[in-house]
Amino acid sequence: MCEICCERSFAGPSARFFASGKISFLLGLLVVVFGGLTPRLAAQTPTPVTVPTWRYDVTHVGANTNETALTPSNVNVSSFGKLFSLTVDGSVYAQPLFVPGLTMSDGLVHNVVFVATEHDTIYAFDADSNGGVNMHPIWQISLMSAAHGAGAGATTVPYADTGSPDIAPEIGITSTPYINASTNTMYVVGKTKENGTYFVRLHAINILTGAELAGSPVAIQGTVAGTGNGSSGGQLSFSPLWQNNRQAIAYYNGHIYIAFGAHGDNGPWHGWVFAYDAATLAQTAVICTSPNGFGNGVWEAGSGLPIDIGSGGGRMFLTTGNGTYATYPPFNASSEFGDSIVALDLSNGKLTPIDAFTPFNQGHLSSADLDQGSGGILMVPDQQGANPHILMQVGKEGRILVLNRDHLGGYATGVTSNTNAVQDILNQAGGGLWSTPAYWNGNVYIWAKGDVPKMFKMNSGMLDTTPASVSNISSAYPGANFTISSDGAQNGIAWAVRTDQYTTHGPQVLYAWDANDLSNPLYESDTNAVRDGAGKSMKFAIPVVTNGRVYIAANGQIDVYGLFNGAPIAGAPTFSPNGGNFGGTLNVTLSSATPSANINYTLDGTTPTLASPLYAGPIAITSSTTIRAVASGNGFIQSAVSSARIGWRARAWCSTRARMMNWARVVPCSRAIWSVQLSLISYETVITVAKTVNKAPAVIIATATRIRAILRLHVGPKKWWSL
């Protein structure tokens, strides 16, 4: 297939906390500076909620209920849009993380957004601005460097080594890291190839400086007793090449938990889960979900493993994909959990299976590649009634499973439906789920493959079997994850990113709906695509909403959306000339309708930021180039990105236009000539009058025909010089 942060003065999204006095002062100053420029919508002071893990906290229900700035009345195309972008060096499958009020290595206090890429790079960016002192990352590190434990010549893993294009072109950091805000430590897993040997390492990074902590990193390794695929002598070892850490890293009670699936079901792969002491990085437990068989990977489209902290030492829930199943109970080191939902007791940093649910048709699911584990698990907040403790999960088959997390149900034999589930709902999840449902205020939100967004009501632990509200916007594979922002039970907004153009590198689209009504979107980033267009689609991207901003990962960039608060938008750069084909040296000038604006540009087709070269005068172009530029200025929102394609045509010192005459002449040329064409001006035919000449300094052209023609020299594949 193919712990809540309560140690600081602020907590996760279940509690409010306040910005430092310095941040409050700066926010007030912005209002004074920008407020008089144009009429603006009033907005409350934003609340900077820490986002240390996938979808906010260890429950992963997907709701930030302390968002005080963004409301259904001000999230619209007139007052809300893209503020700026941050350029990174690779694909971003990991969800960005956010920590406010950090005194960083530059000595300044920042709200910080952390980004990890498949190029094994981690960035710390100012989360509020990409201009001035914030035009560059606060820090940037590479897990391929010796300072971070890699050997000489380390690279990311080429996707071809795994035989799967699911993550391409390279594999580095795939899973969402975890930040322990009480110790300012980020836990992250990176993958490298070093002189033909593959490594997967767990790193502990100081988020203030980017430095590796003492005792970090450690190579992730493990061996269990078993005769499964790839075993030797009754022992089965973890493979750094074939195993894929797609699932977000989990943290609870001083321990780190890391799960693995496969790269496209290739190689001798299995499901693995590891536990490490967060302080020492000593391994405390390891289990394999198919020790005597194959498969049963844990990936869930990159979601987080929910942890129930109200049960003894804590219970963590996961779901597996295709693979072998063996009867349980008893639960022991030999258990095989094909296409199952499994509860693990986390007491004392161990991983002890204590309960499970397996669909009645598990064998069919596995043989037909209908992984139960394609979608993540929603652990619903406690409900009233007979079913207070609910889990919800949907796999490729599209059945909505509602389970009692205290008694998951086991495996029911001789039946034609999941009679061991609280509910088994068919035909409401399109072509299956490659995402995780979200929950807010009694509502469950799902966007399945080949389907539209749907909102279901939940009452007394039972899910309505038909949606209470639907959208008319459809998504192909993979569908989308929802997140919800609200101010308590008020001003709920449902957010999602449609990424179904990821195979063609088309733009992804950010959507916002009133969380009580999905029938009409409040906002779509493609409504004003020139201004708000998101970056290239990155499947499984998820909106991170905090402090009045929305952060979404794209291919090679992070897009930041928020309220304009009355500030005008700088005029997008224009080019003169505005594209075309030219020869020799061409000077291109850039300008903006905003006279005081600064213009930053790139010449390699990448998205410009305020850290890109600053335009100071005409740019000399001597080869085919795509110029992209962005304008910004004090008191202005950053402009949309403009682009122009300059086609450059080489010139050779060859003879010019042939005249009306009988002629035979030598054409000296500074480049090798492959062939020559005479294109008739007064006739429709094209006459080729010279043989192929490779690497020759000259070619003789002769004809006895009186013609008026243009001479074209063929100098390479698909390359011609017109004379």
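Student: Where is the place of Pro329 in this model?

Tutor: In this predicted model, Pro329 has its place in the loop between β21 (315-319) and β22 (341-345).

Student: Which kind of peptide bond joins Tyr328 and Pro329 there?

Tutor: As a general idea, most peptide bonds are trans. The bond that joins Tyr328 and Pro329, however, is cis, with an omega of about -10°. A cis peptide bond also joins Ala168 and Pro169, where omega is about 5°, and Pro169 is found in the loop between β7 (157-158) and β8 (170-171).

Student: How should I read the sign of phi, and what is phi of Asn427?

Tutor: Most residues other than glycine have a negative phi. Asn427 is not a glycine, and yet its phi is positive, at about 65°. Asn427 sits in the loop between β28 (423-425) and β29 (438-440). Asn491, again a residue other than glycine, has a positive phi near 55°, and this residue is found in strand β35 (residues 490-498).

Student: Are Asn427 and Asn491 buried or exposed?

Tutor: The reading rests on relative accessible area, where buried means under 20%, exposed means over 50%, and partly exposed lies in between. Asn427 has a relative accessible area of 72%, so it is exposed, whereas Asn491, with 31%, is partly exposed.

Student: Where does Ala204 lie, and why does Ala204 count as buried?

Tutor: Ala204 lies in strand β11 (residues 197-206), and it counts as buried because its relative accessibility is 4%.

Student: Which residues does Ala204 touch, not counting those up to four places away in sequence?

Tutor: With those sequence neighbours left out, Ala204 touches Thr185, Met186, Tyr187, Ala211, Glu212, Leu213, Ser216 and Leu281. As for the backbone, the C-alpha atoms of Ala204 and Pro217 are separated by 6.6 Å, although these residues are 13 residues apart along the chain.

Student: What volume does the second largest pocket have, and which residues are the closest to its centre?

Tutor: The volume of the second largest pocket is about 600 Å³. There are 31 residues that line this pocket, and the closest to its centre are Gly535, Lys536, Gln557, Thr607 and Arg628. The elements that give two or more residues to the lining are β2 (80-87), α3 (529-532) and β47 (642-649).

Student: Which element gives the most to that lining, and how do the lining residues divide into nonpolar, polar and charged?

Tutor: Strand β2 gives the most to the lining of the second largest pocket, with five residues. By residue class, the lining of this pocket divides into ten nonpolar, 16 polar and five charged residues.

Note on methods:
Residues numbered from 1 in each chain as written. Predicted model: local features only at pLDDT ≥ 70, side-chain atom pairs only at ≥ 80, totals over all residues. Heavy atoms only, no water. Helix = DSSP H or I, 4+ residues; strand = E, 2+ residues; numbered from the N terminus. Buried < 20%, exposed > 50% of the residue type's maximum accessible area, 1.4 Å probe, protein only. Contact = heavy atoms within 4.5 Å. 1 Å grid on protein atoms, 1.4 Å probe; cavity = no way out; pocket = protein on both sides within 12 Å on 5 of 7 lines; lining within 4 Å. Points joined across faces, edges and corners; volume = space filled by probe spheres on them. Nonpolar A, V, L, I, M, F, W, Y, C, P; charged D, E, K, R; others polar.
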